[in-house]
Amino acid sequence: MSAAVMLHLCQGCGRTDLADLESAIDGAFAARQVRIVTQPCMNGCARPVSMALQSADRATCFFAGVDPATDIPDIVATLRAYIDAPQGWIEDARPCGRLRLCLVGRVPTL
């Protein structure tokens, strides 16, 4: 995979310290393979915090109810599954742990 994965995290429903998540991602992936991008609002306020995975030529996956402070192992596992899945379409979400239950939708690549 050559294009970086964008890990979008909503910050609209409350600021979250991302230092531990950033450290875990830096330790698990090659430099610049995953980039965390905070968004002011991702319109998933009913189940904060919203998260999306996005990359060129890959599906976009949208999650709600993610806790960036306590779901770190599941976020890293979900990133790995997304990177390893053909076109980002995760068929078997069991490795994603609790986040498999947080998936709201997938949008196919253009």
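These legends walk through several close-up views of one predicted model. Local features need pLDDT of at least 70 and side-chain atom pairs count only at pLDDT 80 or more, while totals for chains, interfaces and linings use all residues. Residues are numbered from 1 along each chain as its sequence is written, and side-chain values use heavy atoms, with hydrogens and water left out.

**View 1. The sheet is open and has five strands, in the order β2-β1-β3-β4-β5.** Helices (H or I, at least four residues) and strands (E, at least two) are DSSP runs, numbered from the N terminus. Two strands count as paired if DSSP finds at least two bridges between them. Pairing in this sheet is mixed. At the edges sit β2 (34-39) and β5 (103-107), each of which pairs on one side only. From one strand to the next, the twist averages 15°; axes are lines fitted to C-alpha atoms, for helices over the stretch in contact, and angles run from 0 to 180 degrees between N-to-C directions. As background, strands of a sheet pair through backbone hydrogen bonds, either parallel or antiparallel.

**View 2. β1 and β2 run parallel, with α1 lying across them.** β1 covers residues 5-10 and pairs with β2 over six bridges. Look for L7, which stands opposite I36 in β2. Helix α1 (residues 19-28) runs at about 160° to β2.

**View 3. L7 is one of the best-connected residues in the largest nonpolar core.** A nonpolar core here is a set of buried Ala, Val, Leu, Ile, Met, Phe, Trp, Tyr and Cys residues joined through side-chain atoms within 4.5 Å. This one has 29 residues, and L7, M51 and L79 touch the most other members. At least two residues each come from β1, α1, β3, β4 and α2, with the largest share, seven residues, supplied by α2. Contact means heavy atoms within 4.5 Å. Not counting residues up to four places away in sequence, L7 touches a long list that includes L21, I25, I36, M51, I75 and L79. In soluble globular proteins, nonpolar side chains tend to be buried together.

**View 4. Helix α2 (72-84) has many buried residues.** Buried means under 20% relative accessible area, exposed over 50%, and partly exposed in between (1.4 Å probe, protein chains only). The buried residues of α2 are I72, D74, I75, V76, T78, L79, A81, Y82 and I83. Their cover includes β1, α1, β2, β3 and β4. The length checks out too: at 1.5 Å a residue, the 13 residues of α2 should span 18 Å, and the end C-alpha atoms are indeed 18 Å apart. That expected span is 1.5 Å times one less than the number of residues.

**View 5. D71 is tucked into the loop between β4 (60-63) and α2.** Its relative accessibility is 5%, so D71 counts as buried. The D71 side chain reaches the backbone nitrogen of D67 at 2.8 Å. That is a polar contact, meaning a pair of N or O atoms within 3.5 Å; within protein, one must be able to donate a hydrogen and the other to accept it, and residues adjacent in sequence count only if both atoms are side-chain atoms. Leaving out residues up to four places away in sequence, D71 touches G65, V66, R98 and L99. L99 lies in the loop between α2 and β5 and is buried, because its relative accessible area is 0%. Besides D71, the contacts of L99 beyond four places in sequence include M51, F63, D74 and T78.

**View 6. A cis peptide bond joins P48 to V49.** Omega is near 5° for this bond, and V49 is in the loop between β2 and β3 (51-54). C13 comes in from the loop between β1 and α1. With a relative accessible area of 41%, C13 is partly exposed. C13 and P48 are 35 residues apart in sequence but 6.5 Å apart in space, C-alpha to C-alpha. Among residues beyond four places in sequence, C13 touches C45 and P48.

**View 7. R32 and N43 have positive phi values.** Most residues other than glycine have a negative phi, and most peptide bonds are trans. R32 has a phi of about 65°, in the loop between α1 and β2; at 74% relative accessibility, R32 counts as exposed. N43 has a phi near 60° and lies in the loop between β2 and β3. N43 counts as exposed as well, at 69% relative accessibility.
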